[in-house]
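Here are some exercises to work through with the model open beside you. Try each task before you read its solution.

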Amino acid sequence: MMLKRRSTEAGHRRKFLAVIDDTPECSRAVVYAARRAERTSGGLTMLYVIEPTGFQHWIGVENIMRAEAMDEAEAVLARFADIARRHGSVEPELVIREGKPADEILALIGEDEDIAILVLAAATDKEGPGPLVSAMAGRLAGHFPVPVTIVPGSLADEDIAAIA
């Protein structure tokens with residue numbers, strides 16, 4: 001069950017959720033979310049989802065792969081947190097989850113009553129807007145608990161600053 005959004009109540013503040021992945025456009029979502037959070041006295045949560053490997057033959061190998069994935073997640077989040085700090089004065093909250101991205105996004109929104117806006121960036125290639133944007137727009141459309149802001153992946157920092 002989805003929690004009631006409480007970001008406008010006393011003791012709460014609106015959080016922007018940016019999903020961190022290995023796509024080239026991801027930084028556009030982070031820059032936009034950091035600037036919007038700063039300008040609206042909000043917060044920024046950055047989520048990295050480690051997708052299951054499906055490798056379960058040897059528990060030792062699986063544990064090593066999980067540890068390596070966690071190290072990679074921490075390094076990627078640190079890199080994007082630095083980008084957020086360069087573009088806004090808000091210290092990002094960093095979250096790492098294991099599972100399917102769409103499921104983990106919904107779970108985090110369901111658990112954190114202050115997350116009020118999901119920020120994604122659209123891909124710039126001819127293949128479409130990207131898998132995460134497609135998943136959010138397709139499978140979950142009409143049933144999503146918070147607004148979704150989609151930032152064009154082609155926007156430069158100056159363009160984002162002008163509209164955030």
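What follows is a set of tasks, each with a worked solution.

This is a predicted model, where local features need pLDDT of at least 70, side-chain atom pairs count only at pLDDT 80 or more, and totals for chains, interfaces and linings use all residues. Residues are numbered from 1 along each chain as its sequence is written, and side-chain values use heavy atoms, with hydrogens and water left out.

**Exercise 1. The sheet**

Work out the strand order of the open sheet, and find which strands stand at its edges.

Solution. Start with the ground rules: strands (E, at least two residues) and helices (H or I, at least four) are DSSP runs numbered from the N terminus, and two strands pair if DSSP finds at least two bridges between them. The five strands then line up as E3-E2-E1-E4-E5, with parallel pairing. Strand E3 (93-98) and strand E5 (148-152) are at the edges with a single partner strand each, so one side of each has no neighbour in the sheet. From one strand to the next, the twist averages 30°; axes here are lines fitted to C-alpha atoms, for helices over the stretch in contact, and angles run from 0 to 180 degrees between N-to-C directions. Now zoom in on E2 and E3: they pair in the parallel sense over six bridges, and Thr45 sits opposite Glu93 in E3.

**Exercise 2. Helix H1**

Find where H1 packs, and decide whether H1 is largely enclosed or not.

Solution. First, the packing: H1 lies on the sheet and touches E1, E2, E4 and E5 (contact means heavy atoms within 4.5 Å). Its direction makes about 165° with that of E1. Next, burial, where buried means under 20% relative accessible area, exposed over 50%, and partly exposed in between (1.4 Å probe, protein chains only). Eleven of the 14 residues of H1 are buried, so the rest of the structure largely encloses this helix. Ser27 is one of them, at 16% relative accessibility, and Ser27 touches Phe80 and Ile83, leaving aside residues up to four places away in sequence. Just after H1 comes Ser41, with a positive phi near 55°.

**Exercise 3. The nonpolar cores**

Pick out the residues with the most contacts inside the largest nonpolar core, and say which element gives the most to this core.

Solution. A nonpolar core is a set of buried Ala, Val, Leu, Ile, Met, Phe, Trp, Tyr and Cys residues joined through side-chain atoms within 4.5 Å. The largest one has 31 residues, and Ile20, Val30, Leu44, Met46, Phe80 and Val119 have the most contacts inside it. Elements giving two or more residues include helix H1 (26-39) and helix H2 (59-87). H1 gives the most, with eight residues. There's also a second, separate core of 13 residues, including Val49 and Leu120.

**Exercise 4. Salt bridges**

Which distant parts of the chain do the pairs Asp112 with Lys15 and Asp157 with Arg28 link?

Solution. Use the cut-off first: a salt bridge is a side-chain nitrogen of Lys or Arg within 4 Å of a carboxyl oxygen of Asp or Glu. By that rule there are ten salt bridges. Asp112 and Lys15 meet at 2.7 Å, N to O; Asp112 is in the loop between helix H3 (101-111) and E4, Lys15 is in strand E1, and they're 97 residues apart. Both Asp112 and Lys15 are buried. For Asp157 and Arg28, the closest N and O atoms are 2.8 Å apart. Asp157 lies in helix H5 (residues 157-163) and Arg28 in helix H1, so this pair ties together parts 129 residues apart in sequence. Asp157 is partly exposed at 27% relative accessible area, whereas Arg28 counts as buried at 12%.
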